[in-house]
Amino acid sequence: MDYQFSRNVPVSDEDPVGNILKVAGDPNIISFAGGLPAPELFPVEELKQVTDAVYDESGRQALQYSIANGDPELRDQIAKRMNKQGITCDTDNIIITTGSQQSIDLTAKCFINPGDTVIVEQPTYLCALDVFRSYGAHLVGVEMDDDGMKMDALEAAVQANPNTKFIYTIPSFQNPTGRTMPADRRQKMIDIADKYNVMILEDDPYGAIRFAGEDVAPVKTFEHEERVIYMSTFSKILAPGLRIGWVVAEKKLIKKFTLMKQTVDVHSDNLTQHIIAKYMATYNIDDHIAKIKQVYRKREGIMMDAIQEYFPENVHYSHPEGGLFIWVEVPGNINTQDLFNTCIANNVAFVPGEPFYADKVIPGTFRLNYSNMAEDQIKVGIQRLGKAIEETMNETVAAD
């Protein structure tokens, strides 16, 4: 049958995320592909205990329908956490979402008309690009350096696109590059947004996982007007299978988000919200995050040492101080898919860079994840990857 899909449905059935997760789950491959937290760090026993407590204390309430903006106790716990980070808010500034992906989708739903411009970092989170495209957005990528989005290029992009609805940024330990935007650029981004009257969507799933360097306050703490929509998630600091995230924004905007969310799923999983609220009331989540930082710091160090030992000297790579990712740029006109295929043949995997670009793709780029690989396998995998890079570079030179 010839289905008459809407314009929102992609023409291609290509599924980069599904392919990444499929590769990441192959036990024969040393995979640096998926952006997966380390499962051995999930607080299974603690979550089991608080789940039993929720059933005992408020089981019928937790299993009932609830309000769209989320469980008040969980929103109160999040508001306390946000205020500690310098984001002034209360429970009415917060809506609970079904993971970060829904936060991105709700923002797009609320702001994007077909043809509107969304400005993004180049490269950026591939699933956000998919969402923006599904609403008909015109995507404009802004060049980055090792300190994130370049502000002169951002202002030029906003000037050239007066129909810009918002700037999408992952300022801390960015996906896919692992880069962090310093405080002066965050202030400059606010100044540009104020000058040209555009919103900012600040995506902060990794900011709490800093294992080196000094903390940088969220972009939202620099705002002069309430134009920053801040979003985060429990996926990286607790467990991704819980599928709970949140948005912090001006109260009038939260009311609109709530109305739009009701048309999608009525509310996020109520039982899970109760479980997380109980966990945060019973345990210090920062103690749990400290364990994550310790493990990720060690794994990132092992990977960086191996990269320095086994990668060709002219390969450029980021130096993250937190988060989950390292970004690699191989010089020359390297076909990343050829490199990926060579790596798979040698039982090692990464994420090719192409899906992370809004427009012009830079060849020879890819993302590595260090959080979800056993330490004894990291060095072996990077050694295989370094060999594959060298072989592909040599073949490219020979072909030219």
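Hi everyone, let's start in a loop: Val266 sits in the one between helix 8 (251-262) and helix 9 (270-282). I should say right away that this is a predicted model. Val266 has a positive phi of about 70°, although it is not a glycine. That deserves a mention because most residues other than glycine have a negative phi, and most peptide bonds are trans. Is Val266 buried, exposed or partly exposed? With 42% relative accessibility, Val266 counts as partly exposed.

Now a second residue of this kind. Phe173 also has a positive phi, near 55°, and is not a glycine either. Phe173 belongs to the loop between strand 6 and helix 7. Its relative accessibility is 1%, so Phe173 counts as buried. So of these two loop residues, Val266 is partly exposed, whereas Phe173 is buried.

Staying with the backbone, let's turn to peptide bonds. In the loop between strand 6 and helix 7 (183-196) you will also find Pro176. The peptide bond leading from Asn175 to Pro176 is cis, with omega near 25°. Another cis bond joins Gln122 and Pro123, and there omega is about 10°. Pro123 is in the loop between strand 3 and helix 5 (126-134).

That brings us to the sheets. In general, strands of a sheet pair through backbone hydrogen bonds, either parallel or antiparallel. In what order do the strands of the 8-stranded open sheet run? The order is 2-9-8-7-6-3-4-5, and the pairing is mixed. At the edges stand strand 2 (94-97) and strand 5 (148-149), each with a single partner strand, so one side of each has no neighbour in the sheet.

Please look at strand 3 with me. On one hand, strand 3 (residues 117-122) pairs with strand 6 (residues 164-169) in the parallel sense, over 4 bridges. On the other hand, strand 3 pairs with strand 4 (residues 138-145), again in the parallel sense, over 6 bridges. Ile119 is a handy residue to click on. Opposite Ile119 in strand 6 stands Ile167, and in strand 4 the bridge partner of Ile119 is Val140. How many of the residues of strand 3 are buried? The count is 6 of 6, so strand 3 is mostly covered, where buried means under 20% relative accessible area.

One more stop in this sheet is Glu202, which is in strand 7 (residues 199-203). Glu202 is buried, and its relative accessible area is 0%. Glu202 and Val247 are 45 residues apart along the chain, and their C-alpha atoms are separated by 9.6 Å.

There is another open sheet, with 4 strands in the order 10-11-14-13 and antiparallel pairing. Its edge strands are strand 10 (316-317) and strand 13 (351-352), and each of them pairs on one side only. Strand 10 runs antiparallel to strand 11 (residues 325-329), joined by 2 bridges. If you want a landmark there, Tyr317 stands opposite Val328 in strand 11.

Next, cysteines, since somebody always asks. A disulfide is a covalent bond between the sulfur atoms of two cysteines. How many disulfides does a search of the whole structure find? The search finds 0. Why does Cys110 have no bond? The closest cysteine sulfur, in Cys89, is 19 Å from the sulfur of Cys110, which is too far for a bond. For Cys127, the closest cysteine sulfur is the one in Cys110, at 20 Å, again too far for a bond. Cys110 counts as partly exposed, at 26% relative accessibility, whereas Cys127 counts as buried, at 13%.

Last topic: empty space inside. Rolling a probe the size of a water molecule over the atoms shows where empty space is left. The count is 1 cavity of 30 Å³ or more, and the largest cavity has a volume of about 40 Å³. Where does the largest cavity lie? Domain 1 (16-42 + 287-394) and domain 2 (44-282) both give residues to its lining, so the largest cavity lies between them. Among the lining residues are Pro37, Phe42, Lys236, Leu238, His288 and Tyr296. The lining divides into 9 nonpolar, 2 polar and 1 charged residues.

That's my tour, thanks for listening!

Definitions and conventions: Residues numbered from 1 in each chain as written. Predicted model: local features only at pLDDT ≥ 70, side-chain atom pairs only at ≥ 80, totals over all residues. Heavy atoms only, no water. 1 Å grid on protein atoms, 1.4 Å probe; cavity = no way out; pocket = protein on both sides within 12 Å on 5 of 7 lines; lining within 4 Å. Points joined across faces, edges and corners; volume = space filled by probe spheres on them. Nonpolar A, V, L, I, M, F, W, Y, C, P; charged D, E, K, R; others polar. Domains from an automatic or database assignment. Disulfide = S-S within 2.5 Å. Buried < 20%, exposed > 50% of the residue type's maximum accessible area, 1.4 Å probe, protein only. Pairing = 2+ DSSP bridges.
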